Amino acid sequence: MEDRYKLTETEETYGEALEILATYYKAINKKPISWASFLVLHEIRYEVLCCEGNNLDWSEGRVSYLQELVTKEDLEDFMVIQIDNYDEDEGIEEKLLIGKCERCKYKTFDDFWNDIDFQQVCLINKEAIKISLSEEKLNQYRKIIFDNEEIIPSEIKLIPSEIRDNLPLNFFEENILKAREEFFEDLDDSEIQNHEEEENIPNTKIEFFNEKFLDILFYMQETFEGTYYFEEISFGTGSTINQVKERLFDIYEDRFNFQESLDNEELLTEIQHQLSTQLWPEGREAAEAWAIKVNENTDDKNFAIFAKSMEKFHLKEIRGTHILDSIKEFPKEEKSRIVKKARGTCKWFI
């Protein structure tokens, strides 16, 4: 088996230092660096990460070379080589966030190139080398990032390596095909035939996915806290390219409903907790107010059911933990509507 390269502790620390400084100089420093400069720093960092597990011929000495990018000329040469190493169909634009997607910062490659401050990137690279050799300095920057985490935009996190490995779109499609072949490797023809059903997937879904590919990958990674769910859908079921695209399209298309569902669940959990712990000294006065709500809402029977439970609660006929029992069979969206209406229209409510 071919030997694979393993980063040294110092090299790993250098990669971390690059990421920390890129974040610091983009999001925290009083004079933030341009997006293009930030992206170049991440390109260097990504090259460090690529050494891990790669073949020895390519990886040995690679980090040392990256650490020598301390002059404008050397850094320009590095970026030219990086770009030349990509074929035209391999999407250097997607990797550098150039294009039309919502995440992209530059419409053209020239816009990106002209916005790079090569001298500044070289200085930051020098600084990354220095702090990677000092645990004290590295810890100082780690603390700065931690203390300012709330003000760092989520987009600063950029493209995780797991997502970059599936860029551009044709790479992603090739990865699906490879995973599909491996999935069916041990199955006989009859099983494969049963699994492959005729696809009736609208072209509009496929076209939308292709156009929003990068945005969808980011959404999956951010919403589901990592790439496991995305990888399971894409590579873990033996699905065809279009089946994968449709599944990811449907998840992305439903993102607003999904977020609303999460918000509703959080609201109901909060209400349940407060109803079970809140002290209500008003008693009969509150009960009478809720009785009025019952009579006023004959056209909203579900809310009237809830209002009746609130009346019983204030009369001490039921405990706070059982108030929501009367509407527990309702859909989550309906339960949320009811408690929101109670919050907005009822004095004796949380």
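This passage describes the overall make-up of a predicted protein model and then turns to its helix packing, two selected residues and its salt bridges.

In the predicted model, the secondary structure comes to 20 helices, and the number of strands is zero. The protein has 350 residues, of which 43% count as buried. Its accessible surface comes to about 20,200 Å², and 47% of this area belongs to carbon and sulfur atoms. When the contacts with a separation of 6 or more are considered, 73% of them are accounted for by residues 24 or more positions apart.

One example of helix packing is given by helix H11, which covers residues 169–183, and helix H16, which covers residues 241–253. These two helices pack at an angle of about 115°, and their axes are 9 Å apart; the crossing of H11 and H16 is right-handed. On the side of H11, the residues that take part are Leu-169, Phe-172, Glu-173, Ile-176 and Leu-177, and they meet Ile-241, Val-244, Lys-245 and Leu-248 in H16. Sorted by class, the residues in the contact of H11 with H16 comprise seven that are nonpolar and two that are charged, with no polar residue.

Leu-248 also appears in the surroundings of Ile-216, for Ile-216 touches Phe-209, Leu-248 and Tyr-252 when residues up to four places away in sequence are not counted. Ile-216 itself lies in helix H14, formed by residues 213–223, and it counts as buried because its relative accessibility is 0%, where the cut-off is under 20%. Although Ile-216 and Glu-253 are 37 residues apart along the chain, their C-alpha atoms are separated by 9.4 Å.

Thr-13 offers a further case, placed in helix H1, which spans residues 9–28. With a relative accessibility of 14%, Thr-13 counts as buried, and, leaving aside residues up to four places away in sequence, Thr-13 touches Ser-132 and Leu-138.

Attention may now turn to charged side chains. Side chains of opposite charge can pair when their charged atoms come close. A search of the whole structure finds 14 salt bridges, including one in which the side chains of Arg-142 and Glu-135 meet with an N to O distance of 3.2 Å. Arg-142 counts as partly exposed, its relative accessibility being 27%.

A salt bridge is also formed by Lys-293 and Glu-296, whose closest N and O atoms are 3.8 Å apart. Both residues lie in helix H18 (residues 284–296), where they are three residues apart, a spacing of about one turn of the helix. Lys-293 is buried, with a relative accessible area of 18%.

In the salt bridge between Lys-341 and Asp-300, the closest N and O atoms are 2.9 Å apart. Lys-341 lies in helix H20 (residues 332–345), whereas Asp-300 lies in the loop between H18 and helix H19 (301–314), so the pair ties together parts that are 41 residues apart in sequence. The two partners fall into separate classes of accessibility, since Lys-341 is partly exposed at a relative accessible area of 25%, while Asp-300 is buried at 13%. Moreover, Lys-341 and Asp-300 belong to a network of salt bridges in which they are linked with Glu-334 and Arg-337.

Note on methods
Residues numbered from 1 in each chain as written. Predicted model: local features only at pLDDT ≥ 70, side-chain atom pairs only at ≥ 80, totals over all residues. Heavy atoms only, no water. Salt bridge = Lys/Arg side-chain N within 4 Å of Asp/Glu carboxyl O. Buried < 20%, exposed > 50% of the residue type's maximum accessible area, 1.4 Å probe, protein only. Helix = DSSP H or I, 4+ residues; strand = E, 2+ residues; numbered from the N terminus. Contact = heavy atoms within 4.5 Å. Axes fitted to C-alpha atoms, helices over the stretch in contact; angles between N-to-C directions. Left-handed = near helix turned anticlockwise from the far one by under 90°. Nonpolar A, V, L, I, M, F, W, Y, C, P; charged D, E, K, R; others polar. Areas by Shrake-Rupley, 256 points an atom, 1.4 Å probe, with all protein chains shown as cover.
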